[in-house]
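I opened this notebook to keep track of what I looked up, entry by entry. The topics are cysteines, overall fold, nonpolar cores and charged pairs.

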Amino acid sequence: MLYTFSKAYYDWHELQAILDNVNPEDCIVLWQDGVLQAVKYPEIFANLPVYLLANDVMARGLCSHPAIKDYPKLSLKEFVEFTVRFFPQFAL
(Lines give C-alpha, C1' and ligand atoms only; values in the text may rest on other atoms or scores of the structure.)
Protein backbone atom coordinates (compact mmCIF):
# COMPACT_ATOMS: atom_id res chain seq x y z
CA MET A 1 0.00 0.00 0.00
CA LEU A 2 1.12 3.54 -0.68
CA TYR A 3 0.47 6.07 2.06
CA THR A 4 0.67 9.69 0.92
CA PHE A 5 0.59 12.71 3.20
CA SER A 6 0.15 16.16 1.66
CA LYS A 7 -0.79 18.45 4.55
CA ALA A 8 1.38 20.50 6.91
CA TYR A 9 -0.66 19.54 9.96
CA TYR A 10 -1.96 16.21 11.22
CA ASP A 11 -2.98 15.36 14.74
CA TRP A 12 -0.06 13.45 16.31
CA HIS A 13 -2.29 10.65 17.67
CA GLU A 14 -4.15 10.25 14.38
CA LEU A 15 -0.90 10.18 12.43
CA GLN A 16 0.62 7.60 14.78
CA ALA A 17 -2.50 5.41 14.55
CA ILE A 18 -2.29 5.41 10.74
CA LEU A 19 1.45 4.70 10.69
CA ASP A 20 1.00 1.79 13.11
CA ASN A 21 -0.68 -0.02 10.19
CA VAL A 22 2.30 0.32 7.83
CA ASN A 23 3.79 -3.05 6.83
CA PRO A 24 7.34 -3.69 5.55
CA GLU A 25 6.05 -4.00 1.97
CA ASP A 26 4.27 -0.62 2.17
CA CYS A 27 5.64 2.81 1.28
CA ILE A 28 5.08 6.33 2.62
CA VAL A 29 5.48 9.44 0.48
CA LEU A 30 5.43 12.93 1.96
CA TRP A 31 4.61 15.50 -0.69
CA GLN A 32 3.28 19.05 -1.06
CA ASP A 33 3.17 20.51 2.48
CA GLY A 34 3.40 16.95 3.83
CA VAL A 35 7.21 17.15 3.54
CA LEU A 36 7.05 19.39 6.62
CA GLN A 37 5.98 16.34 8.64
CA ALA A 38 9.52 14.95 8.37
CA VAL A 39 10.73 18.07 10.18
CA LYS A 40 7.86 18.26 12.65
CA TYR A 41 7.65 14.58 13.65
CA PRO A 42 10.96 12.88 12.81
CA GLU A 43 10.48 10.37 15.62
CA ILE A 44 7.21 9.09 14.12
CA PHE A 45 8.77 8.42 10.72
CA ALA A 46 11.98 6.84 12.03
CA ASN A 47 12.44 3.25 10.84
CA LEU A 48 9.62 3.50 8.28
CA PRO A 49 9.91 3.35 4.47
CA VAL A 50 9.50 7.12 3.94
CA TYR A 51 10.27 9.07 0.76
CA LEU A 52 9.97 12.80 0.10
CA LEU A 53 9.02 14.40 -3.18
CA ALA A 54 12.20 16.27 -4.19
CA ASN A 55 10.41 19.20 -5.86
CA ASP A 56 8.39 19.88 -2.71
CA VAL A 57 11.47 19.73 -0.48
CA MET A 58 13.21 22.27 -2.74
CA ALA A 59 10.12 24.50 -3.00
CA ARG A 60 9.99 24.80 0.78
CA GLY A 61 13.71 25.49 1.18
CA LEU A 62 14.33 22.31 3.16
CA CYS A 63 17.20 20.81 1.14
CA SER A 64 19.80 21.51 3.82
CA HIS A 65 17.58 20.90 6.84
CA PRO A 66 19.17 18.26 9.10
CA ALA A 67 15.89 16.36 9.60
CA ILE A 68 15.45 15.97 5.83
CA LYS A 69 18.90 14.82 4.74
CA ASP A 70 18.49 11.10 5.49
CA TYR A 71 15.21 10.63 3.63
CA PRO A 72 15.35 9.41 0.04
CA LYS A 73 13.98 11.96 -2.45
CA LEU A 74 11.72 11.05 -5.37
CA SER A 75 11.38 12.75 -8.72
CA LEU A 76 7.89 13.22 -10.12
CA LYS A 77 8.51 10.31 -12.49
CA GLU A 78 9.53 8.04 -9.61
CA PHE A 79 6.47 9.12 -7.64
CA VAL A 80 4.22 8.08 -10.53
CA GLU A 81 6.02 4.73 -10.65
CA PHE A 82 5.40 4.29 -6.92
CA THR A 83 1.66 4.81 -7.43
CA VAL A 84 1.70 1.83 -9.79
CA ARG A 85 4.04 -0.33 -7.72
CA PHE A 86 2.43 0.25 -4.31
CA PHE A 87 -1.30 -0.25 -4.78
CA PRO A 88 -3.79 0.70 -3.38
CA GLN A 89 -3.14 4.23 -2.20
CA PHE A 90 -4.20 5.73 1.12
CA ALA A 91 -4.09 9.50 0.67
CA LEU A 92 -4.35 12.05 3.45
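**Entry 1, cysteines.** Before looking at any pair, I set down the criterion: a disulfide is a pair of cysteine sulfur atoms within 2.5 Å. I also note that I am working on a predicted model. How far is the sulfur of Cys27 from the closest cysteine sulfur? I find 20 Å, the partner being Cys63, and this is too far for a bond. Taking Cys63 as the starting point, I come back to Cys27 as the residue with the closest cysteine sulfur, again at 20 Å and too far for a bond. By this rule I count 0 disulfides. I then looked up the accessibility of Cys27 and found the residue buried, with a relative accessible area of 0%.

**Entry 2, overall fold.** I listed the secondary structure of the protein chain and obtained 5 helices and 5 strands, which, read along the sequence, follow the pattern β-α-β-α-α-β-α-β-α-β. The radius of gyration is 12 Å, close to the 12 Å that the globule rule gives for 92 residues, so I record the chain as being as compact as a globular protein of that length. Along its principal axes, the C-alpha trace spans about 30 × 30 × 20 Å.

I next asked how the chain is packed in terms of burial and contacts. Of the 92 residues, 38% are buried. When I restrict the contacts to residues at least 6 apart in sequence, 62% of them join residues at least 24 apart. For the accessible surface I note about 5200 Å², with 57% of this area belonging to carbon and sulfur atoms.

**Entry 3, nonpolar cores.** Which residues have the most contacts inside the largest nonpolar core? The core has 20 residues, and I wrote down Phe5, Leu15, Leu19, Ile28, Leu30, Phe45 and Leu52 as those with the most contacts inside it. The elements giving two or more residues to this core are β1 (2-5), α1 (12-19), β2, α3 (42-45) and β3 (50-53). Among the contributors, α1 gives the most, with 3 residues.

I followed Leu15 further and, leaving out residues up to four places away in sequence, found that Leu15 touches Phe5, Tyr10, Gln37, Tyr41, Ile44 and Phe45. Apart from the largest core lies another one, of 8 residues, among them Leu2, Val29, Leu53 and Phe82.

**Entry 4, charged pairs.** Side chains of opposite charge can pair when their charged atoms come close. How many salt bridges does a search of the whole structure find? My search of the whole structure returned 3 salt bridges.

I began with Asp33 and Arg60, which form a salt bridge whose closest N and O atoms are 2.8 Å apart. Asp33 lies in the loop between β2 (27-30) and α2 (37-40), and Arg60 lies in the loop between α4 and β4 (73-74), so this pair ties together parts that are 27 residues apart in sequence. I checked the exposure of both partners: Asp33 is partly exposed, with a relative accessible area of 33%, and Arg60 also counts as partly exposed, at 30% relative accessibility.

The side chain of Arg60 also meets that of Asp56 in a salt bridge, at 3.5 Å from N to O. Is Asp56 buried or exposed? At 12% relative accessibility, I count Asp56 as buried. Asp56 lies in helix α4 (residues 54-59) and touches Trp31, Gln32 and Val35, when residues up to four places away in sequence are not counted.

The remaining pair I noted is Lys77 and Glu81, whose side chains meet in a salt bridge at 3.7 Å from N to O. Being 4 residues apart in helix α5 (residues 76-85), Lys77 and Glu81 are separated by about one helical turn. Lys77 is exposed, with a relative accessible area of 61%, whereas Glu81 counts as partly exposed, at 43% relative accessibility. As a last check on connectivity, I looked for salt bridges that share partners, and these join Asp33, Asp56 and Arg60 into one network.

Notes: Residues are numbered from 1 along each chain as its sequence is written. This is a predicted model: local features need pLDDT of at least 70, side-chain atom pairs count only at pLDDT 80 or more; totals for chains, interfaces and linings use all residues. Side-chain values use heavy atoms; hydrogens and water are left out. Buried means under 20% relative accessible area, exposed over 50%, partly exposed in between (1.4 Å probe, protein chains only). Contact means heavy atoms within 4.5 Å. A salt bridge is a side-chain nitrogen of Lys or Arg within 4 Å of a carboxyl oxygen of Asp or Glu. A nonpolar core is a set of buried Ala, Val, Leu, Ile, Met, Phe, Trp, Tyr and Cys residues joined through side-chain atoms within 4.5 Å. The radius of gyration is taken over C-alpha atoms; the globule rule is 2.2 Å times the number of residues to the power 0.38. Accessible areas come from the Shrake-Rupley method with a 1.4 Å probe; for residues, only the protein chains shown count as cover.
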